[in-house]
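The following exercises concern a single protein model and are to be worked with the sequence and structure in view. Each task is followed by a stepwise solution.

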Amino acid sequence: MQTDIADTIYQRVKILPVEKQRDILRHVEELNGDSKQTIWQKIRERSARIPAEAWQEMPTDGSEQHDHYLNGTAKK
């Protein structure tokens, strides 16, 4: 049974683009405890995958106006 699951996963993963396969490998390594990255390294790695356009849309006053952005309250 376990082999059937592994075979199914392999068949589905091998048809994905290489970048998606890398994402899956990272996820499996994390689940398996193989990742030696610190939390900050993980944050930097994930942040690097966010397009520059998305960063430009982020509010510059997020720390000051967090209630507004999280709860919709009026800006202070």
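A residue counts as buried under 20% relative accessible area, as exposed over 50%, and as partly exposed in between. By this cut-off E30, with a relative accessible area of 28%, is partly exposed. The model is predicted.

**Exercise 1. Describe the overall fold and the spread of the chain.**

Step 1. The protein has 5 helices and 0 strands, and along the sequence the pattern reads α-α-α-α-α. The radius of gyration is 19 Å, well over the 11 Å given by the globule rule for 76 residues, so the protein is more spread out than a compact globule.

Step 2. The C-alpha trace spans about 60 × 25 × 25 Å along the principal axes.

Step 3. Buried residues account for 4% of the 76 residues. Of the accessible surface of about 7,000 Å², 57% belongs to carbon and sulfur atoms.

**Exercise 2. Compare the span of helix α2 with its expected value, and examine what follows the helix.**

Step 1. Helix α2 covers residues 18-32, which is 15 residues. From first to last C-alpha it reaches 21 Å, close to the 21 Å expected at 1.5 Å a residue.

Step 2. Just after α2, G33 adopts a positive phi of about 80°.

**Exercise 3. Analyse the salt bridges that involve helix α2.**

Step 1. The whole structure contains 9 salt bridges. In one of them, E19 pairs with R22, the closest N and O atoms lying 3.2 Å apart. E19 and R22 are 3 residues apart in helix α2 and are therefore separated by about one helical turn.

Step 2. D23 and R49 form a salt bridge of 3.8 Å, N to O. This pair links distant parts of the chain, 26 residues apart: D23 belongs to helix α2, and R49 to the loop between α3 (39-48) and α4.

Step 3. E30 forms a salt bridge with R46, with closest N and O atoms 2.7 Å apart. E30 lies in helix α2 and R46 in helix α3, so the pair ties together parts 16 residues apart in sequence. R46 is partly exposed at 38% relative accessible area.

Step 4. Salt bridges with shared partners join E19, R22, D23, R26, E45 and R49 into one network.

**Exercise 4. Which residues make the nonpolar surface patch of about 330 Å²?**

Step 1. The patch is made by I15, L16, I24 and V28.

Step 2. L16 sits in the loop between α1 (2-13) and α2. Its relative accessible area of 32% makes L16 partly exposed.

Terms used. Residues numbered from 1 in each chain as written. Predicted model: local features only at pLDDT ≥ 70, side-chain atom pairs only at ≥ 80, totals over all residues. Heavy atoms only, no water. Helix = DSSP H or I, 4+ residues; strand = E, 2+ residues; numbered from the N terminus. Expected span 1.5 Å × (residues − 1). Patch = residues over 30% accessible without salt bridge, like charges linked within 9 Å, V, L, I, M, F, W, Y side chains within 5 Å. Areas by Shrake-Rupley, 256 points an atom, 1.4 Å probe, with all protein chains shown as cover. Salt bridge = Lys/Arg side-chain N within 4 Å of Asp/Glu carboxyl O. Buried < 20%, exposed > 50% of the residue type's maximum accessible area, 1.4 Å probe, protein only. Rg over C-alpha atoms; globule rule 2.2 N^0.38 Å.
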